[in-house]
Every structure is written in structure tokens, then in C-alpha cells.
Amino acid sequence: MQLIKVFSVIYLTAVCAAQVADEYDDVTSTFKDMAPTTQPMTTAPPVPFLQKQSAWLDVFPSEKVVLNCSVAGSSDWAFTWSRSGQDMQASDPSVSLSAEGSLLTVTAEAQTSSGSYSCKGRHKTKGVTTAESNKLELKVYPNVPKPILRRTLNYPEMFPKESITFNCTVDVSSGWEYLWYFNGAKIPPASSDSFTIASIDHPNSGEYHCKAKRGSFNTDDSEKTTLKVSDPPNPSLSLLTPWKDVFENETVDFECKVDGPDWTFTWYKNQVHINVDPYLPSDREEPYFNITSITQDYKGGYSCKAHLERRGVSSGFSNTVDVEVYDDTPKPTLSKNPAFNLMYVGETVNFTCNVDVSSGWKYQWYKDGQALHETSRTISFRLDLSNGGEYSCAASRGDATYTNVSKVKQQDVLEIPVPSLKKSTPWSDVFPDESVKFSCEMKDSSDWIYTWYRDGQEVQADGVVSFDSSRATLSINSASPVHAGQYTCMGSLNGRSVSSRKSSGFNLTVHDKKPSVTLTQDPEYKVMFPGESVSFSCNIKVSSGWKYQWYKDGKHLGHSKKTYPVKSIETTSGGLYKCEVQRGTDEVVTYSSQPIPLKVEGNKPKPSMTQHPNIDKLYAGEPVSFECQVEHSSGWEYSWYKDGNPLPVTSKTYSINDAKLSSSGTYKCMAKRNKTMYDTEDSDGRLLTISEIPVPSLKKVTEWLDVFPTESVTLSCVMDGSSDWKYTWYKDGQEVQKTPDNALSFDRDASRLNITSASSLNRGQYNCSAKLKSRSVSSTLSSGLTLSVYDTTPRVMLMQNPSHDVMHTGDKVTFSCHINVSTGWKYLWFKDDIPLAEPGANHSITSVLTKNAGSYKCQTKRGNTGVFHSSQSQVVKLTVEERPKAEIILLTGWSEVFSTDTLLLNCGVQNSQDSWNYTWYKADQPIKEQASEQSQTHKVTPQNDPDQSEYTCEGKRIGRPSYSKISDHYKTKNLLLKRRILLSISGCIFFGIIFVFLGCIILRVTRKPAADEYKPEEAELFARMDQIKDSDDAPCPLVQYITDATLNAPPKEGDENGMICSETTPLPITPQEDQVVTTESPDEADNNGGLVSFKQ
């Protein structure tokens, strides 16, 4: 309802609006019609006037410009605006309008705000529009301007009281007000485009900059300029001439220095301007001031000032330089150091010429009246014989000042004498604890003090080394190796730097230990035998002057020569021999040798022979050596024998470098001393046996030699069952090395070659060789084994036999796993990826079941330790369907049981629409009658089956499945009789019930009713249908009759047939009306061929 009301209001409003529009059109039309008549009274609409209310029309971003559009004498107008011919919208964020639009405020955001602005007016009531106003051009600069700061004086430094003016300029637009800043702080009173400091002072030092503003808009800051205010520098006055105390007629020069250019100078003497001094030159503005010929009137202190005239700046006084003027020229004084006259060559003498007044002197030296080249105040030199004579000096300065010559000094020079070194000990090589003494002498004087040197180093006195009072004698009380070296001496005068040259040197040898006395024996046999001769020698290899003494077992032998001989050794000659050496007279030094034992054996020796290597069995090509040794003695030459024949060898060792089979034999040796010609007995014999080197046997540990990538392979190399060999492997003639690429490994002795993951790199013929671990015996190469490595892993093929897509229960199926390369395979079977326990290459199912359906595949493997697996075969899917079952149906109906003695049986395959041939079986034996062998039906008559057997049937056909399951056993014994009895009983019961029911109806109709009080309670003879329906235990007369035990006789017949009739027993009746039903009682069992109830 509300919606209808809303639509009604909208409709009425639209109608009214249309009427107003029509009225307006009528008024307009009327006005137009009247226009010709009122034309003399009308005027053209006025033209609005556009003017700026801001002071400028060239602006910068964020500045505002206000424009005013007006019509003279009237305020009844509303205005619209355009920029560069384009209408402006009120929604533009950069503009704003007043109520009637007369004022336009433009906020400059970008150059898009630039353009030519104009306006038009429209009358508020008449709707009249004016012509376009005059135009104003607005310019928006893209960037904020930056002022330019300039200064009138651009000196790096300004001085106090100077004046400076800064100017700030913005090159664009106008109307600017300027702001000034000093060190970042605003200077309050300054607002013009210039800023002046009339009198600069130190507080004005700092950074200045400016910026401009108009309204609320500010420009960027200008660049900063630094004003540095410093005091004027004080000049530095220096004297250019080298002295400031001068003599008359000398020249003096001054220089006044100040940093910076354009300075002029004024000069002062004793703080008085030079202009007023009558004795000095006129005032000069140059930095140099010169006095050419000075007199006593020029004494005083001089200074200067500096001026910058164009800037009106003056410095203070410079430092003061005092000038002293002397009257007379001085005389120099000559001095000598050292002062004594007699000096030796090599001493240093210093002559000094001294002028006590002023400075800057140059000196002239004289020897024996002859000028020398030296000009310094002091001359110094080492004396030689040519330096002897008379010395004097004079001084000069400049070109006009010269002194007189000083007094003369005499200098005499002598040669230094050379000392003489002598030894007091008769020998120059000594031993520890011996004493040594040296002396040093100078011929010319006894005032010398001596210094001793050993190998260039000064010798100092200590507990062992000592000197006499003048150090002329050096004594070493107990020599040691530290005292060894070359000794020299040098003399020096006490208190003066006069030293002689070193004397000639004397080499003292101090042995580091006491002398070693060596006792030697010739021949050097430790053990000797009776009849041999021997000689002992006592040797000391250092120094001289020795005497000899001999001892045996500590007893003096009374022999003083260097050699002691024993010509014919006896058993009593054995003992301990030694000797002693002695030298010296005052202090005798004795040294003893080490004793030598001499052992004398009474029995003739027998050498022992050893073999290296000590092995009974050697191989051809091996080296072998025999060594003949006489125990506890030496000096023997040897004779060798093989099988009793002498060999051309005399050394201690007999070597066979390359043994051959012919080297086998018995070896022995004997020895003889080459110096005494004493010989031994023969040694025992040693049997040597040489055998050929066996050839290694190469065997495969892995059962196969054709392998696949990543499969492992093991080869073994064996030498006669011995473990003393190590092995080397070869592939295609090249030694096999273990690398990361070939996946090789060896056992401890390399007797096994293991390839953990075969590849094409391992392909080839392998051989091996053996080498004894402890000996350099190597075998030849073994026979070869060729290893083949396939490029790819083997392909496994799975085949099904028979290869039907669908199998039926009871069929036999066999799966075969085929691999077409190599051998030694073991087979793995999988059903639905679950391993099966089937070891062979075939997997057979003799009678398939539905549970055998699934996906089958196989895989092969081989090897024990490193098991190699092939890839899996393709998947073969096995589909199993339940085999159809044959079923026997009795075609003889109930209606025929009284008219025939023949039973007609029908065989059919359940749930099959195919065409079948049938085979009948009686008592599980095929029926051979031609008529019924392939027939679907079979007749059972008393003639062909008098025993009434059990029957089964089976369907067969050409297609699949080719046969069906055999049907269940069908029993025909007494079947017709049982049906006849059952049918007779059923008929009697049925008609009896009908008669009872009709009798009850008749009785109820014909009976007279009794009084109510005597009316007996009616009993319901029969249950009503609704009661039977609602009751679970309602009795069934037919069932009660059939299940009555008395009606089941005769028992024999029932036992013979093996049947029990019950309500749940099915009847195999073919007609539709005779089909049986079974109750759903779980407690009842099915009995084939028994009586069943009729269908209710």
C-alpha cells in the first residue's frame, strides 16, 4: 500500500512539472511575440568586468590568486568561469567559488593552473547570459624560486670598522618581502632586499643567507656566504744583514713582512717616524729599508707598520730590532787544545780563533806564515808529521772590516812506536789446566800502559788471567778453550788519546779437552790364536815433546818407545795393555790411553754359515745370500764351496742375485786371516732348493660374468693355497686402480676384487698376478676372465597361460616370468604389490577362486651378499568370475502323480542365456544312453532306474566358460509315492474343513435362541482372519496334521529316502502354480528332494 502511495506522489509531481514547463514556454513565447513591439526599450546584456584582487598574476605552487567578476550596478548575477576556453567546474580541487561565483580563488598546484581566465554572468531571475568578460593571464611557475645573495666586498677576511652590504634578489615575479638570517637566526628588523653592516666587528663573523616571502608563501633559502672578521696582521721585522752589532761604514738592511697583498709600510726608529729623523733616509712605502754606511748616529731600535690605504686599515708596530755600532776593530785571540806542544801522529788538535765583539766573522788561518783554506772559527785535524809548525789567524766581515793577525802557536809532531809481543811458554798449543805467559814491550818510553787483545777483543783480568803493574806481562794460570785465539797488545800514553798500533799476533791453541792418547793394535784382532804376532802403538796427535811408558795388567813393562811388539803369541800373552805420555820439566803433565784387551784362544775356530732369506724353499729369480761368520774374532778372508767345488768368492758373503734351478745344492765355507795366514776349519753344509714360481689361479666368486649396471661382481686370485702372497689386478692389460668412478674395492691382500656397482667402465678381460709379501717374488699373469656389463638392466616379461581376459572358478592358470639374458635368477612374485611365496619361474593356480583375482607381476634377483634386483615386469590383471552352476528341476507336475510312473528331469545353467549341451550323471557316473547324453532333459522310469538313484548334470559348450559346475544331487527314490500320499491327505483335510464349516453355518441358522439369562457364552470355534493376522501362535490345522508323528509312518520309507517333510521343505515343482516357498526360519535346515508345503 505504501508503495502505491509513493508512485502516486511521483506521478503527480511529474504532471505538475510538465504544466510549469508549458507555462514557462508560453511566457517565453509571449515575450518573443511581444519583443518587436518593445524593442526600443531593451538593451544588450552588460559585459562583466574581471579584475584581480591579488597583487600578482605570476605565482608559484601553493600560492593563491583571487579573481573578481562583477557587473556594474547590479548584484542579480551569477557567474561561470573558464580557463583557456574550457569551462571550470566547482569540483576542481584547485579552485573555490563564492556563493554567486563572483569570486574565484585559485590555489596554484601545478602548471595546469596556468592559463587565460574569463567569466560570464547569468541573470538570477531573467536567465539572461552576458558576453565573455575581459581576460586575465595567470602564470604558474613549476618550481619554488631561490634568491641570489650578493655582497659588495668579497674579501676572504674583513677587518674591524670596515663596511659591507648584502643584496638579496628574486629574478621572477614581484611583491617580495625579504628575510635575513645570521648563523641560522632571523635578523628581526631587516626586510628590504639589502642588509648593511656599517662598522664591522668580531661578533659579525658568521654565515649569512636570505629568503623572500609574499603573503604566506616563502621561497627557498639562498646560498650561504661566510663573513670572517679578523684583526689586521702585525708585520714582522727582520734583519737581512747577518749581524745587528756593526762597525762604522758597514751596511744594514731591514725587511718588513705581512701576509697578503697591497700593503704599504712606514718605518720607525725608537718609536719615532723616520720622516723626522735627520740622519735617516726619507720615508719609504716599500717593505725594504737600507742603511749603506752606518755611523754612531744610527744606533737604536727599529720597527715598522703596514697599511691598506684603499680600505683605510693600518696595523700596529712590528717587533723591534736593535742596532749596535762600534768604534774600533778588535784583535783575535788564538787558543790551542790540548795545550802541550809535543804530540804524536794520530792525536787530534783544535785551534780556535776568537773575536770577542759582534758576530758574522770569517776567519783566515796561517801556518808558518802561509794562508790555509779553512775559514771557520775553529779548525780541528788529526796530526801527522806534516802538521808540525807555527799557527796564527785573522778575522774579517763584509768588504770593509778586517782585524789584525793573532799571536803564533807552535806545534811539534812525532811518530808512535810499535810494541813487541813475546811468548815465555815453549809451545803454542796447550791443554786444559796448563799455564801460558806473554810479554809486551815499547822501546822509546816507560810511560806506556798496555792493552791486551784476543781475536780483536780486549782481554780483562779475572781469576785465571792476570797482569803486572804496567800490564806489560799477561799470565794464564790454568788454560781452557775460552783462552784460545790470536793475542796482540797495544800501548797508550796515560791521560792522552795516544795509542800505538797493535803488535804482531801470536796464535794460542787451547784444546777443548785433555789430549787423547790412542793405543792401536796391529793387526786389530780382538781374539788371537797361538803363533800369531801383534804390535801395539801409542799415538798422540797434538803438540810435541812427549815421552812414553807401557803397562800390561797394571805392571810397568820397562819400554819407552812409541811401539811395543809381541812377535809370537802364547796363551800367557793375553791381558790388558795401555800406555802413558808425559811432558814438561817444572810441572809434568801425564796422560793415559784407553787399555786394549788381548784375548788368546787355544782352540782352532769353526765358522758358522747363515742364509738370507732363511727359507727352505726359494723361487727362481729370487736373490739369496750366505754369510760366513767366525765368532769373537775378525780379519778373516773366506773360501766358498758348492757341492765340494770351490767358488771364486773371498768375501764374507756369497750372493746369488738371480737364483736358477741349477743354483740348488749344498754350500759351505772356511776362513783364513790375511795378515797372519791363520785358517779355520770348514763350516757345516747348507742345502739350497730352488723352485719355479707358480702361476696364480683366477676364479669367479660370482656365478656369472655377464652382469648388469649396479650389480656386484667378485673375482678371486689364489696361489697354491698360501696366504703369503699379495695380488695385483689388471683389466685389458692395464693395472686396476681404485677410483671413485669404478666402484672397486679389494680385500686385505687384494686376493679378491669386488665391484660393488658395475658399469660400462668395468667391462673387459681381467687378469691377476701375485707377489710375495716379504720377498720380491712376482708371478706371471693368470689366465683371463672376461666380464661383460650390459648397458641397461634386464627386462622381465610376465606371461599368462591361458591368456583369457576372464577366468572362471575352477580354471587352471599359469603365470610365467621370463628374462632372456644371463643366468642364476631367482624369482619374486607379487599380487596387488604383496609378495607371494612362490620360488620358481612359474606361478600356477590349479583351480582359481574369486579371491585369486588381482594384479600380478614378477621380478628377478640374484646374488647373496650384494643382491641385484631387475626391474619389475608389466602388470597382468587376472579377472575371475564365478563359474555358473547347473540345476536339476523336476518337470513332472503334481497333477500327473496319479497318472504316470515316469519322472522327467530338466537340467539348466543358472543365470545364463547361452546355449548349452548337457551331460547327465547317475550315482556320479555318466549316463551313456545316446538319447539323453547331450539332452537337457532326462526321463527316470522303473525300467532304466529300478534302484531310484541320485542324479546330477553338467552344462558344456564351445565358448567360455566351456563347462558349468555340476549340479547338486537330485534324489528320486519313492518321490511319486510320497507325492500321492501328501496330495491325498491334503485333499481330505481340505474337504473335511469345508464340511465342518458348512455344518456350523447350518447349525447356527437352525438353532432356536435361548433366553438371555440362560444364554450360554458363545465360544468361537474358529479364529477370525483379523485374529489370525494379529496372532503369532495361531494354529494351522494343515501344519498340525502334517507334523503329527502318527502321520509320518511308515518310518522305513522315510529313513530310506532320508527325507523329513516340514513346513520349510521346498518342492521342486516346475509349474508356476506349484512353485515352493521357504520360510525364513533360521533353525531349519534345507533338505534337497524333501516334501514342501504348498504356496500360501
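**Exercise 1.** In this predicted model, classify Cys1000 and Cys988 by solvent exposure.

Solution. Cys1000 has a relative accessible area of 27%. Buried residues fall under 20% and exposed ones over 50%, so Cys1000 is partly exposed. For Cys988 the relative accessibility is 59%, so this residue counts as exposed.

**Exercise 2.** Determine the geometry of the ring pair Phe708 and Tyr790, and state which parts of the chain the pair ties together.

Solution. Step one: the ring centres are 4.5 Å apart and the planes meet at 20°. Planes under 30 degrees apart count as stacked, so this pair is stacked. Step two: Phe708 belongs to the loop between strands S63 and S64, and Tyr790 to the loop between strands S70 and S71, so the pair links parts 82 residues apart in sequence. Step three: Phe708 is buried at 1% relative accessible area, while Tyr790 is partly exposed at 28%.

**Exercise 3.** Describe the disulfide between Cys168 and Cys210: its S to S distance, its handedness and its place in the fold.

Solution. The sulfur atoms of Cys168 and Cys210 are 2.0 Å apart; the cut-off is 2.5 Å. The torsion about their S-S bond is about 80°, so the disulfide is right-handed. Cys168 lies in strand S11 and Cys210 in strand S15, so parts 42 residues apart in sequence are tied together. Both cysteines, Cys168 and Cys210, are buried.

**Exercise 4.** Repeat the analysis for Cys717 and Cys768.

Solution. Their sulfur atoms lie 1.9 Å apart. With a torsion of about 70°, the disulfide of Cys717 and Cys768 is right-handed. Cys717 is in strand S64 and Cys768 in strand S69, so the bond joins parts 51 residues apart in sequence.

Terms used
Residues are numbered from 1 along each chain as its sequence is written. This is a predicted model: local features need pLDDT of at least 70, side-chain atom pairs count only at pLDDT 80 or more; totals for chains, interfaces and linings use all residues. Side-chain values use heavy atoms; hydrogens and water are left out. Rings of Phe, Tyr and Trp (its six-membered ring) pair if their centres lie within 6.5 Å; planes under 30 degrees apart count as stacked, over 60 as edge-to-face and the rest as tilted. Helices (H or I, at least four residues) and strands (E, at least two) are DSSP runs, numbered from the N terminus. Buried means under 20% relative accessible area, exposed over 50%, partly exposed in between (1.4 Å probe, protein chains only).
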